[in-house]
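Let's walk through this model together, one piece at a time. Have the structure open and follow along as we go.

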Amino acid sequence: MPSPWSTPLLNRPPRRLTLSAGEVTLFGVLGAATFAAKVAMAGLPNVEPTSLLVMLFAVTFGWKAVFPIYVYVSMEFFLYGIQLYSISYLYIWLVLAAAAWLLRGMTHPVGWALLSGVFGLLFGLLCAPVCLFTAGLHGAIVWWINGIPFDVIHCAGNFGIALVLFCPLRRLLERLYQGMQARRGGYPPLPP
């Protein structure tokens with residue numbers, strides 16, 4: 001009887017869990033660019049490209065998307081300090097990244113726009129658990145309900161941005177990353 005430790009799954013070469021210098025640079029630049037794009041669009045209430053970029057990072061980089069996401073979150077903390085809304089950034093972008101990664105096979109721009117729009121609509125609800133610790137259940141519910149008009153704007157902005165930009169930016173980012181991986185030493189890109 002063969003040993004359970006000799007299955008083909010366990011005989012595969014291990015996946016690298018390290019980042020190359022190029023990836024560190026790329027993820028730092030992408031996280032900073034995400035922050036800069038949000039700041040540049042700050043005049044438009046709740047209209048920003050952050051959701052679009054988080055989805056792009058998830059479908060392109062897989063688990064490595066956490067690096068540009070947390071570069072962005074760190075920059076939020078450094079510039080604006082730790083606020084009630086920004087504490088939720090520690091988990092909320094991972095929710096969107098996980099949803100995008102699960103749907104990574106989707107190719108139609110309307111599907112990506114719907115995902116981004118629904119995320120924008122649910123943004124306040126997803127942030128509300130932080131209020132549970134500071135204002136209790138009633139306070140969290142009131143906070144969420146008061147923010148629904150902003151969530152509707154967030155939904156519309158996310159939908160429009162993703163509809164127009166997700167597919168072309170995905171192709172561009174995937175080509176960039178695959179080229180970078182090929183130059184790294186001939187390794188094919190790791191599946192997400």
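Start with H4 and H6, which in this predicted model are roughly antiparallel to each other, because their axes cross at roughly 150° and angles over 145 degrees count as roughly antiparallel. H4 covers residues 66–80 and H6 covers residues 89–102, and their axes come within 10 Å. If you look at the sense of the crossing, you will find that it is right-handed.

Now zoom in on the side of H4 that meets H6. From H4 come Val66, Ile69, Tyr70, Tyr72, Val73, Glu76 and Phe77, and they meet Tyr89, Leu90, Tyr91, Trp93, Leu94 and Ala97 of H6. Sorted by type, the residues of this contact are 12 nonpolar and one charged, with no polar residue among them.

H4 has another partner to visit, H3. The axes of H3 and H4 come within 9 Å and cross at roughly 155°. That angle makes H3 roughly antiparallel to H4 as well. Here Thr50, Val54, Phe57 and Phe61 of H3 meet Pro68, Ile69 and Tyr72 of H4. The residues of this contact divide into six nonpolar and one polar, with no charged residue. Ile69 and Tyr72 are worth a second look: both take part in the contact with H3, and both are also listed in the contact with H6.

From these pairs we can move to the interior. Which residues have the most contacts inside the largest nonpolar core? They are Met55, Phe57, Phe61, Ile69, Trp93 and Phe166, in a core of 38 residues. At least two residues of this core come from each of H2 (21–40), H3 (50–61), H4, H6, H7 (109–146) and H8 (148–185). H3 gives the most, with nine residues.

Met55 is a nice place to pause. Beyond its neighbours within four places in sequence, Met55 is in contact with Leu96, Ala100, Trp112, Leu115, Ser116, Ala162 and Phe166. Phe166, like Met55, is one of the core residues with the most contacts inside it.

Finally, step back to take in the whole chain. The protein chain has eight helices and zero strands, so its elements run α-α-α-α-α-α-α-α from the N terminus on. Of its 192 residues, 36% are buried. Among contacts between residues at least 6 apart in sequence, 74% join residues at least 24 apart.

Terms used
Residues are numbered from 1 along each chain as its sequence is written. This is a predicted model: local features need pLDDT of at least 70, side-chain atom pairs count only at pLDDT 80 or more; totals for chains, interfaces and linings use all residues. Side-chain values use heavy atoms; hydrogens and water are left out. Axes are lines fitted to C-alpha atoms, for helices over the stretch in contact, and angles run from 0 to 180 degrees between N-to-C directions. Helices (H or I, at least four residues) and strands (E, at least two) are DSSP runs, numbered from the N terminus. A crossing is left-handed if the near helix is turned anticlockwise from the far one by less than a right angle, and right-handed if clockwise. Contact means heavy atoms within 4.5 Å. Ala, Val, Leu, Ile, Met, Phe, Trp, Tyr, Cys and Pro count as nonpolar, Asp, Glu, Lys and Arg as charged, and the others, Gly among them, as polar. A nonpolar core is a set of buried Ala, Val, Leu, Ile, Met, Phe, Trp, Tyr and Cys residues joined through side-chain atoms within 4.5 Å. Buried means under 20% relative accessible area, exposed over 50%, partly exposed in between (1.4 Å probe, protein chains only). Angles under 35 degrees count as roughly parallel, over 145 as roughly antiparallel, 65 to 115 as roughly perpendicular and the rest as oblique.
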